[in-house]
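This report describes a single protein chain through its packing, its helices and a set of individual residues. The structure is shown first, and the description follows.

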Amino acid sequence: MQTLGSVNLKGIPLFKRGKVRDVYDLGEKLLIISTDRISAFDYVLPTLIPLKGIILNQLSLFWFNFTSSIVENHLITSEVDDFPDFLKEYKDILKKRSMIVKKVKVMPVECVVRGYLFGSGWKEYKQTGKIGDVNLPSNLKESSKLPFPIFTPATKAESGHDENISFERVKHIIGDEISDFLKYKSIEIYDKAFSYALERGIIIADSKFEFGIDEKGNVILVDEVLTPDSSRFWALETYEGGKPQVSYDKQFVRDYLESVKWDKNSPPPDLPKEVVIKTKEKYIKAYRLLTGKMDI
C-alpha cells in the first residue's frame, strides 16, 4: 500500500490542508483524505508513518457507525465506487483512506472528555487541584482513573496551541443549549466507547470530539472520532496508576521528541526508522483490537 504525504487532485478546489487531512470542496459536500503525515506539539513532522492514514480513516468509520445511535454524524460514504465520476481516476489513492461528508459549520470548540489524569490535565491538576473548572479529589496520581469522566473543552487553534477553557466560556461562545448538548453527547460517546474498548484490552484515557451544524440546523459529529491521533489508548494489561502508560497512540512519538531535547520552536527532526516502525505497529494494534479485523 502506497505511503501518502500529500494529495493534489487537479481541477478540484482544496478546501483545507490540515496537519493530517487534505480536504477538497465538492460543492455541498467535502472529500476528506487521511494522509500518512503525523503531527506532535503542533508541528507536522517530516517523516511519514505507513498505513497511518488508512487506519485513522477506517477507525473513524467504525466509530461513526458505533456511535450513530447517540448522535448523527457527517459521513455520507467511504466507498470509492460510489464517489462522483470525476474522482474515479484517483480511486487507487482514495481507497480506504477517504470519505465524502456533509459540509457543516464547525463548532469553534474542541470537546475533550477525560477519564484519566494525564498530559496537560495532570500538569494543571498538580498546580490547581482541578482541570478547567472541574474540582477533583486531592489524592490523585498521574494516570489515576477519575471518579467520573469530565468535560474539559478547549478553543480550536488553526496554528499554535489549543487553549483549555471553562464550560462557562463555551456557553458564552456558542450559547447554553448547544453547549449542554455538546457536553452530554461527548460524555455519552466516551462512556459507550470506553466500555466497548475495555472489553478488548484498551483503556480510552481521554478523547476529543468535534461537532458542526448541518444545513438543517442539526448538531452532528464531524472530523475524526476515537482514533490514536485524537485519543489516548492505553494497554489494559499493563495499566498501573502513578506513572506513564504503555500506549497505542502517538504518545510514543511525543516521548521520542522529548528524549532528543527538541525545542518545539524550530522545524522538528526526522523520526528514526525504529520509531516509525514502532509507531506503525501501535496504530495497527489499536485498529485490530478495536475492530476485530486483521486486514487493513
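## Nonpolar cores

The largest nonpolar core has 65 residues, and those with the most contacts inside it are Trp63, Ile204, Phe209, Phe211 and Leu271. A nonpolar core is here a set of buried Ala, Val, Leu, Ile, Met, Phe, Trp, Tyr and Cys residues joined through side-chain atoms within 4.5 Å. Buried means under 20% relative accessible area, exposed means over 50%, and partly exposed lies in between (1.4 Å probe, protein chains only). A second, separate core of 14 residues includes Leu9, Leu26, Phe83 and Tyr90.

Phe211 is in contact with Val71, Val106, Met107, Cys111, Leu182, Lys185, Ser186, Ile189, Val219, Ile220, Leu221 and Val222, leaving aside its neighbours within four places in sequence. Contact means heavy atoms within 4.5 Å.

## Basis of the model

The model is predicted: local features need pLDDT of at least 70 and side-chain atom pairs count only at pLDDT 80 or more, while totals for chains, interfaces and linings use all residues. Residues are numbered from 1 along each chain as its sequence is written, and side-chain values use heavy atoms, with hydrogens and water left out.

## Helices H1 and H5

Helices (H or I, at least four residues) and strands (E, at least two) are DSSP runs, numbered from the N terminus. H1 has 15 residues and reaches 21 Å from its first C-alpha to its last, close to the 21 Å expected at 1.5 Å a residue. The expected span is 1.5 Å times one less than the number of residues in the helix. Because 13 of the 15 residues of H1 are buried, this helix is largely enclosed by the rest of the structure. H5 has 23 residues and spans 33 Å from first C-alpha to last, close to the expected 33 Å. The buried residues of H5 include Leu182, Lys185, Ser186 and Ile189, and these four also appear among the contacts of Phe211.

The axes of H1 (residues 52-66) and H5 (residues 176-198) come within 11 Å and cross at roughly 115°. Axes are lines fitted to C-alpha atoms, for helices over the stretch in contact, and angles run from 0 to 180 degrees between N-to-C directions. H1 passes H5 in a right-handed crossing, the term for a near helix turned clockwise from the far one by less than a right angle. On the H1 side the contact is made by Phe62, Trp63 and Phe66, and on the H5 side by Lys192, Ala193 and Tyr196. These residues divide into five nonpolar, no polar and one charged. In this division Ala, Val, Leu, Ile, Met, Phe, Trp, Tyr, Cys and Pro count as nonpolar, Asp, Glu, Lys and Arg as charged, and the others, Gly among them, as polar.

## Strand E12 and the loop after it

Ile150 is placed in strand E12 (residues 145-151) and is buried, with a relative accessible area of 2%. Outside its neighbours within four places in sequence, Ile150 is in contact with Val112, Val113, Arg114, Ile131, Val134 and Leu136. Pro149, also found in E12, counts as partly exposed at 23% relative accessibility. With the same neighbours within four places set aside, Pro149 is in contact with Val113, Arg114, Gly115, Ile187, Tyr190 and Asp191.

Thr152 lies in the loop between E12 and strand E13 (154-155). Thr152 is buried at 4% relative accessible area. Its contacts, leaving aside neighbours within four places in sequence, are Val112, Arg114 and Ile131. Thr152 and Ile165 are 13 residues apart in sequence and 7.3 Å apart in space, C-alpha to C-alpha.

## Loop residues with positive phi

Most residues other than glycine have a negative phi. Ser143 has a positive phi of about 70° although it is not a glycine. Ser143 is in the loop between strand E11 (134-135) and E12, and counts as buried at 0% relative accessibility. Leu226 has a positive phi of about 55° and is likewise not a glycine. The loop that holds Leu226 runs between strand E15 (219-222) and strand E16 (231-235), and Leu226 counts as buried at 0% relative accessibility.

## An exposed loop residue

Asp270 lies in the loop between helix H6 (251-259) and helix H7 (273-291). At 53% relative accessibility, Asp270 counts as exposed. Asp270 and Thr47 are 223 residues apart along the chain, with their C-alpha atoms separated by 5.7 Å. Leaving aside neighbours within four places in sequence, Asp270 is in contact with Pro46, Thr47 and Tyr256.
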